[in-house]
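This report describes a ligand and its surroundings in a protein model. The nearest residues come first, then the polar contacts, then the pocket.

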Amino acid sequence: MKILLIGCGFVGERAADLFHAAGHEVFGITHSLESAARLSAQKPWKVLACNIASAADVSDLRKQIGAIDAFIHCASSSKGGAEMYQAVYVDGMKHLLASFPEAWPLYTSSTSVYPQIDGSTVDETSPAEPPKETGRLLREAENLALNHQGAVARLAGIYGAGRSFLLKNLLEGSSGIEINEGAPEGRLINQIHADDAASALVHLLTQKLTGIYNVVDDAKMTQHDCLLKLAALFNLPAPGIKPPDAARKRGWTHKHVCNGKLRATGWSPQFPDYFSALQDDPDLVSSILSLVTDTEEQPLHRAENIILIGLMGSGKSTVGRIVAHKLGFQFVDTDHLITDQARCSIPDIFAREGEASFRRRESAVLRQLLGRKHTVIATGGGIITQPVNLPLLKHLGFITWLEASTELLARRTASNNDRPLLRGEEPPIVKLHRLIQERAPIYKSVADLRILTDELTQQESAYGVAESARLFFSKRQSSV
Ligand code: S3P
């Protein structure tokens, strides 16, 4: 099919990628020449600039690309108000329908068109008469698509790698739980992962499913429960209560939006709820942590754990156990968590699945450690090779790099055979030397403390780690 995607934002870009991967001819439309140039340098599909608020621009676009099979209007009004909604949504839709009358239209709307504030469950047959002008304009644009036998996707609050206001605001300390008489337990929130929103658009278009569909995950969750659970997961104090924000662009509502109609057509979300996405999306948590400011005045919150990094044989497990004992902390070793879950040894994982799969398992284990406190975490020597792990390690605790000379590492690792990276063609000492060269800059960049262990007993190293960690956490507590 020849498909036009108007708006290559958070969801549009993902949908264009999916259509392209499925073999369709995709034209992505952005509002400016600069964004078109930027995107077309990154994407295998065609990108063009067009201001859909202008009838002349859209008619030029038609001349340029000819007839198409379908289009998806998923442009955003940016931060604009009613005027922008009129121009981009209503006028934009009219222009597209006029210039591409042969095309099957899909309009992406929002679950904010349901104004319910009574905590009820709403489906596509529920009243959708939003009180705000912006909401009414969304409905008008929806009707244009429906009158052309097209579809409307009502998207819930979108989050994904690089964007989650819930988590970002919580980490930055600006969250508040909204409670009022109508919603004493807190209001219900409705969310959808951007990958699932994109897969829903692809599903609707490829099946040509006409009518209105809610695009939302499976969870029924209040903002209150969500924030408390998130706070526990990130070792943060529970946010306070605040009155509802009447100025919210999406309007203040309290309702559970049901995805039953879309699910009944065969679509299902990859991330059924926000918390499974935090665990299962390899990039989500890390991408949000890296958006959060970490300055001296406003330091990133660090969980009260101790993390040991360093090459194989640097003593992470042995020193880690001693530190845990000294402080009355628990001890975990990421390699052991991996082998427990995989039910096979590290050399077997490397042999059967390859190193990339081992690294995915290692990152997943790190995400599972969210919410831990008072734990010493010994990590595999290569954990720092995956950039996605670095923000997580930083958040998870106080990081100590245990250093040792190549000779000592070679001696310590000589007697056991469970390190596949040292079993290759290269002599272990040469390989270890190369790994030090590659990894030392990364260990250095994330470590809060660096201990050269050659001249120390393991007890002495452990003493250094424990006392430095104590000092680190006592200072941070007084600074917050
Ligand atoms: C590795 C180190 C090992 C283990 C795997 C890969 C590495 O952990 O995760 O064999 O890349 O350095 P240890 O550092 O605990 O030996």
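## Residues around the ligand

In this predicted model, 13 residues surround the ligand, and those that come nearest are Lys316, Asp335, Arg359, Arg419 and Arg439. Sorted by class, this shell holds five charged, five nonpolar and three polar residues.

## Polar contacts and burial

Three side chains have a polar atom facing a ligand oxygen within the 3.5 Å limit for a polar contact. For Lys316, the distance from a side-chain N or O atom to an oxygen atom of the ligand is 2.6 Å. The side chain of Arg359 places an N or O atom 2.7 Å from a ligand oxygen. In Arg419, a polar side-chain atom is 2.7 Å from an oxygen atom of the ligand.

The ligand on its own would expose 390 Å², and 96% of that area is buried by the protein.

## The pocket

The ligand takes up the space of the second largest pocket. The volume of this pocket is about 580 Å³.

Its lining is made up of 31 residues, with Met312, Asp335, Ile346, Asp418 and Arg419 lying nearest the centre. Four helices each give two or more residues to this lining: α12 (316-327), α13 (334-342), α14 (346-353) and α15 (355-368). By class, the lining of the second largest pocket divides into 14 polar, nine charged and eight nonpolar residues.

## Residues named twice

Asp335 and Arg419 are among the residues nearest the ligand, and both are also listed among those nearest the centre of the second largest pocket. Arg419 also has the polar side-chain atom 2.7 Å from a ligand oxygen.

Technical notes. Residues are numbered from 1 along each chain as its sequence is written. This is a predicted model: local features need pLDDT of at least 70, side-chain atom pairs count only at pLDDT 80 or more; totals for chains, interfaces and linings use all residues. Side-chain values use heavy atoms; hydrogens and water are left out. A residue is near a molecule or strand if one of its heavy atoms lies within 4 Å of it. A polar contact is a pair of N or O atoms within 3.5 Å; within protein, one must be able to donate a hydrogen and the other to accept it, and residues adjacent in sequence count only if both atoms are side-chain atoms. Accessible areas come from the Shrake-Rupley method with a 1.4 Å probe; for residues, only the protein chains shown count as cover. On a 1 Å grid over the protein atoms alone, a cavity is a set of points where a 1.4 Å probe fits but cannot get out, and a pocket is an open set with protein on both sides within 12 Å along at least five of seven lines; lining residues have an atom within 4 Å of a point. A molecule sits in a cavity or pocket if more than half of its atoms lie within 2 Å of its grid points. Ala, Val, Leu, Ile, Met, Phe, Trp, Tyr, Cys and Pro count as nonpolar, Asp, Glu, Lys and Arg as charged, and the others, Gly among them, as polar. Grid points are joined across faces, edges and corners, and a volume is the space filled by probe spheres set on the points.
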